[in-house]
Each structure stands twice: as structure tokens, then as C-alpha cells.
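User: Hi, could you walk me through this model in plain words? I'm new to reading structures.
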Amino acid sequence: MSAIEIRTAPHVKGPRTVERIMQHVVLSLSPIAAFFIYQYGISAAASLFVVTISCLLTERLFVKTGSQSGDISDWSATITGILLALSLPPGFPLWMGAVAGFVAIALGKALFGGIGFNVFNPALVGRAFVQAAFPTAIASYTPSFLTGRFSEFIPSSLAWPLMQPPETASWLKAMNIDALASATPLAKWKFDGVVVSASDLMTSLSGHMAVGPSPLLILACGVYLALRRYLDWRIPVAIFGAAGFTAWAIYTFDPTHYPDPFFMLFSGGLVLGAVYMATDMATSPVTPRGMWVYGGLIGVMTVVIRYYSGLPEGVMYAILIGNAATPLIERITQPTVFGKGAAKKARRAGTYPLHPSYISREEASAVAPKKRFLPNKPKKHS
Amino acid sequence: MKLLNYFRGEAFQRGIHPPSCKLTAETPIRRLPYAPYVVVPLSQHIGKAPHAIVRVGEEVVRGQPIARTDDWLSVPHHAPVTGVVEAIELRPSARGPWAPAIVIRTHPGASQEDLWGQERNLDDASPADLLQMIWDTGMVGLGGAAFPTHAKLTVPKQAKAHTLVVNGCECEPYLTCDHRVMVEEADDLIQGIRYALRVTGAVRAIVGVEDNKPEAVRAIQSAIDRAQGHTPEGEIFVEAVPTKYPQGAEKMLITALFGVEVPSGGLPIQLGMVVNNVGTLAALGRLLPAGQGLTERVVTVTGPGVERPGDYRVPLGTPLSFVLNYAGAPADSKQVILGGPMMGQSAPSLDVPITKGVSGVLVFKSDDIAFREQLRTYPCIKCGECVESCPMGLNPSQLGMLAAKREYELMGSQYHLGDCFECGCCTYVCPSSIPLVQQFRVAKQVLRERAAT
């Protein structure tokens, strides 16, 4: 027999690895990305490609310089890239997309030390940066399902680096489409008071609505991930519950000013944010109770920002605030240690009663040495 | 079955379901031949080591006491074979450092019958006498922890035990020795339970068996039916509990059976319970009336490449190399584990003997551990898998990050490190392959040393 090796227990290992988790998330994102390309054509495809490549190159750069852990082989930068591209308008200038990808990894991830150490969701850091830097470009959506979307770029996509993108309004007019169609449903409601029906939003198939991928598709992919336990179901459920409840409460109070809760749930990036962004493992709490608190915080914050701020969309800031609060939430929601909770009462009906009925009450309660004891010595042998 | 468990409520919160790999569940227990020499380490259990009472060159017969002790947390040893004491010297031990041991060269022609023990009638023995007899058998917990059984059966003065919980879970993958003992020695087990009931003064005994061993439940039930009518000590029940790791931890089993939690840092006696392993009680049921000492135990020898895996009755002190040769371990064995794969210990050398606490010998070839070899350790990605699997309700993710920063004091005071019993669930599920349990072992050791100074 050859030399044997010494290892520490446990000597068996579950099948789950970081790469596998990330690969599954990428896999579940692929139908969403495919639908996004189907909606917006080659501009969306180019945007997805450029942003993801930018993220991967940045990751490689910082791994090479040694300032962060992980590598592009762990697929986490790919997820950041796809999510970032999905959250940007499809006609977003490609050079701005590349900047967003660079900032997402450099400021959102590498600065903190790479995979696992980031405090904020990198994709949202990138998006927040371009939201501040290019406010007009990020607000100009184009309608979906345009004819000729697979042969022609949206003009703003191909803006030269460091140049402002051209106006898309005249391009749209040439295609005989109402310029209003290029506002997102949330912006339409916020600035014009037009509410789109929830069923149209769910599928995002009707008309030329300027929306992202279909919420139904994202939910289906999210359910797949949750069933395979690659994301925690508590966070999206808490977000939808809190956002829906807050919106419903405000709606019942004043239905003329505020939209119905279903419009709130299915418009904008709430579904994508709740299923894919807020559930980012590194930036959400590890404790089960903390996940409920975190999701609830994001849900309420989203509705508040949407209703009362100058911005039409609030999911991004709500999640970033939730990320910042995560360490504090974890601190107050540590799990209850076995034997420290309500230990006196049977939690679930056990098979047997603690004290059998045929011993007397005095005998049953005669057991209470307080401290850990060493057995008292009955007799000493010499 | 899963659905049924769902409606019944899970046995205890969290925990994991590793593949069970019980290769040897159907094989009857076989006897291992006597090795040319045996090595009996003096320290085989928790507590002080006993001292040798034989001299080099002395002839011993099987079952004769060769080491004795006065210390309460210690047990005597008996000669596992008839032969000549060859040496009393330092020998490799399972823990790593060499430790004092008695080496006995087996007499080739001896019948190896236990001639030392004398049959006795225990019907009138008082609990104190029985306890002394249990001490004299040298019995320790055969489940793996090797805590002296007489100490475990002693109920402290101010407390009272009403229930004896008999642990037949055997939740570790690969191991089947308790399973086979329950199937083949159910009558001895019932006998042992009766002695334990008398010693502790408990009025009922409940045997908890995981529901992946239905034939063990049936065997014990029929043994209970056979013993019906002459068990004045109290009622004996057998109960199948949902299969889940680490059900074999006594606190988890109590939660599964009674729905209550043993207070943190406390012992089952605080709820009026005494917990013992089935293997221990079955051995007591056989040894006590025969008046013999513990000289052999059932060991599962298994592994993916072992030619003749099975449960073997192994004389204590048999060197590992002899056991592995007999069972036909593959030539390219890479790792030999004493105990189960979740909590067992890597054997440092094949000269290490089988001791009282070794429940299994598990052999892995290099391709069995190749999957673990190529895993890369990532920083914690805070996926929360460990929190969802820790049966004690700890936060291993947080503890692991603190351990990496050497914040051991904080781990102990704020994050309940002391409640961790090193079951290995967190490390098993960790996608980042962080050696969490090892970090906790180090942290506990450092804290113990700091507390001692």
C-alpha cells in the first residue's frame, strides 16, 4: 500500500461549488437575454456583448494586478455583465456601456477585494455611475418590436466614444412611431399620468412598449433557480410582498393619484431587481430572518422612491441601500442557537411526551442540575 | 417518504442529507482472525489513561485485566488475545503522537476463548453493584466518542432520570456496524437496556432508529415482544425517526423523539434523560452476565475499492494494516479514515491499532478524493448554505470570517462557538470549499489553552 495522506474531517463534500452556482445563474439568464435581443434586435445584442466583455476584461486586469481574488473562470463577472446590460436601455451608447462595465467591476468589486468581498451589487454600482454621468442617455428608451430591428442599429448605440449620442426622436418619427412610445411605462405614469395595464406589462409583448424583458419570463427563470436552490426564495418574496402591500395601502387610500399595486409590481426593473439583483449572495444577508428584513426594506423603499422622488425608477437605489444595511441587518438577526430559544416547550409535537404519565409529578420535575457537571464520585477505590 | 416526513415535521431543524453509501448493510457480521500481535494503547477514551498491571514477558489469557485505574473518568483494559506481553512502550496512536501501549504477541496455538470471565446471576444485583461491574468491563461509548459508559450511566445526586434514550441512528454515511448489531444482537441489546434501566432508575427506554433501517426496527420490535412479561425494569419502545445527518448526535435525537431542545451547554440529564449507543448496550448485555471484559468490537471496514467490505468483529488492538489486508483494501489507497466520513479521523499510519472508539475503517482510493482535490477555495460568497445546514443554529459563515481574522474570543463570546460539535455539515455544503470545521477546531483549541493559562 502506498503512502496514506492525512486530511481533516469531513472527508466527503457536497456537489455544490461556486462555479456551479454562477454557471446556473448564467444559464437561467440566457433565455432572458435572448428575449431582450428578440425585443430590440442587434442593438441589444451589441450592448450585451460589449458590457459583458468590458466586465470580463476589467476582472482579468484586476486579477492580473493581484488586487482581487477569484478569476473570470468563476463566471461571476459574466453575471454582472449580463445583468448590467439588461438593466440599461437597449439603445444605450456602446462606449457608455463599456464604461459602465468597467466601473461595475473596478469600483463595485475589485476595490473591495473581489468575489465575496463586495459590499454593493457590482452591476448596480455600474448602473448608478452611468445614471449620474449620462442622465439623458439612460433615460431614453426606444420602443420594442420595431421593424428592421435585426438589420439596423438604434442610432444612439453607435455614438463615438466621448461623444453625445444623436437624438432618437427624429429617427423614430421617420418610422411613423409616436415619440411618446419611447418613454417607459413608469415614466409615462410619473410624468403623464398614463397607467398601462398589468397584463400588458407581464408579457411585454403587446405594442411597442419601451420595457425590459418580460417579467413573466424573469419570474419563471427565478422559480427555476429557487427550486434548484441557487437563489434564496425569501428575498424576492419579501420584496414583492412589501412593495405590493405598500402600493396597495397607498392605492386604497387614494386611488386617483396612485396606480394599482400590480402596475407597481410589474413595471420598471422591480422583477429583475428582486429576482436577480437583490439576491446577489455576497451583498445580501446570510441569516434567514435577515433576508426577510432586507427584502422588506427594499420593497418599501422602492415604492417610496418611485412615488415621492423626482426619479421614475427606484429599485436600483433601494437595493443599494439594502446592500449597505446588510451588515447591520445580519447583526440583529443572528439565528437562534439550539437550546437557547424557548427550550421549555416542545416546538413540534414529538413522538413521546417528555415525562411519561406513569411517573409522579415530583419525580418528573426533580431534574435540574444547573451547571455542566462532572459526575459526582460515588465511592473512591484505593 | 419525503412527503411523509414533511407532514410529520422534520426530525430537527436544518441538517443535511449526504449520500448514505451503506455498502455493507446486508452483510452479516464476520469474525476477523487474530493478528500475530496486538497493540493496546493505554489511553483509548476521554479521561485519564489507566496504568498497566502486567509486566513484559508475562503470559496473559484472553479477557484478563491488563490495565487498571482508580480514576472515575477512566476504564480498565483486558487482554484481547491469549499470548505473551512483548513490550510496554510508545506506539503510534490515532491522534498522531506516540503513546504508551501494551504489545501482546498472540499465542499461535491458543483457542482464544475467554477463560477469565465467570458467569453470574445478576437478577438480584443492586444498581451500585451493576455500575461497578460495568466499570470493570472497561466499557466506553462504542459510537465513537469513547466516553466511559459507567460515568454516562451515573445520574447525579440531585437529578433523576426517567427515560433511557438508546441511540441507533448511525447517521454517518458508510457505517453499518450499529445496524448489523441491532439486527443480529437485538436480544443482547434488550438485555443491556434492562441493565441500564436498573442502573439509572429510568422507567422507560426508547430506541431511536433512522427510518432507512427498517429491518433493524423490526428485529428490535420482535426482541421486545419476546422479552415481554419479564421486563420489570420498565417499558421499552422502538421508534423510527426520519433519516437526516447528524441525527446520531444525542441532542438531535432527543429533539426528534420528544420535540424539546436540550439547553445550550447542558446535558440530557437536565431533561431527565440518559443517552447510550446501541452497540454499547448490546455489548453490555452480553458481557455482564458472562462476567467478561470488553476485548473486541464490531467495526465496519468499507470503502469504494475494498474487495471484501463488511462488518467485522475485531479484537481490540489489531493493527490497521492487518484489518485492511484481510478485507482486501486496494493497493492505491490514498486515505484511511477511522470512523465515518463526516466526523472520522484520518489515520496517520497503518500501524495504528483498532481501539474501543473506532466504529469504522473507511478507505478511499485516489480517484475517490480527486473531486475534492481539484476544488478551489474561494472567499466566502455568503450564500447562506452553512447557516441553513447548521443543526445547532450557529452562523458558520460569520464564524469562519472571524476565524480567518483570529478573532477567537469574539467567536466564543458572541457567536456561540462552544455549541459547535464539529458535525461537518457546514463544510460539506460550502460551495467555496472553506475548511470551516477545521478552523473551528483550531479556534476551540486556542480558547481552551487560553482558558487554562
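Analyst: What follows goes through a few parts of the model one topic at a time. This is a predicted model, where local features need pLDDT of at least 70, side-chain atom pairs count only at pLDDT 80 or more, and totals for chains, interfaces and linings use all residues. Residues are numbered from 1 along each chain as its sequence is written, while chains are lettered from A and ligands numbered from 1 in the order in which they are written.

User: Ok, which elements of chain A give two or more residues to the side that touches chain B?
Analyst: They are H1 and helix H16 (361-364) of chain A, where helices (H or I, at least four residues) and strands (E, at least two) are DSSP runs numbered from the N terminus. In the contact as a whole, 64 residues of chain A meet 79 residues of chain B, two residues being in contact if their C-beta atoms, placed from the backbone, lie within 7 Å.

User: And which residues touch the most other members of the largest nonpolar core?
Analyst: Those are B:Met182, B:Leu189, B:Ile193 and B:Ile220, in a core of 229 residues. Such a core is a set of buried Ala, Val, Leu, Ile, Met, Phe, Trp, Tyr and Cys residues joined through C-beta atoms within 7 Å. A residue is buried if 20 or more other C-beta atoms lie within 10 Å of its own, exposed if 12 or fewer, and partly exposed in between, with C-beta atoms placed from the backbone. The largest share of this core, nine residues, comes from helix H1 (residues 18-40) of chain A.

User: Why does the core lie between the two domains of chain B?
Analyst: Domain 1 (11-25 + 118-290) and domain 2 (385-452) of chain B both give residues to the core, so it lies between them; the domain bounds come from an automatic or database domain assignment. The centres of these two domains, taken over C-alpha atoms, are 29 Å apart, and 11 residues of domain 1 are in contact with 11 residues of domain 2.

User: Changing topic, what is the order of the strands in the open sheet of chain B?
Analyst: The four strands come in the order S11-S10-S9-S12, with parallel pairing, and two strands pair if DSSP finds at least two bridges between them. The edges are strand S11 (235-241) and strand S12 (273-277) of chain B, each of which pairs on one side only.

User: Which helices pack on that sheet?
Analyst: Helix H5 (residues 186-200) of chain B touches strand S9 (163-168), S10, S11 and S12, and its direction makes about 145° with that of S9(B). Helix H6 (residues 214-227) of chain B touches S9, S10 and S11, and its direction makes about 170° with that of S11(B). For these angles, axes are lines fitted to C-alpha atoms, for helices over the stretch in contact, and angles run from 0 to 180 degrees between N-to-C directions.

User: One last thing, is A:Trp75 buried or exposed?
Analyst: A:Trp75 counts as buried, because it has 22 C-beta neighbours inside 10 Å. A:Trp75 lies in the loop between helix H2 (42-64) and helix H3 (76-87) of chain A, and has a positive phi of about 70° although it is not a glycine. Most residues other than glycine have a negative phi, and most peptide bonds are trans. On the second point, the peptide bond from B:Tyr245 to B:Pro246 is cis, with omega near -5°.
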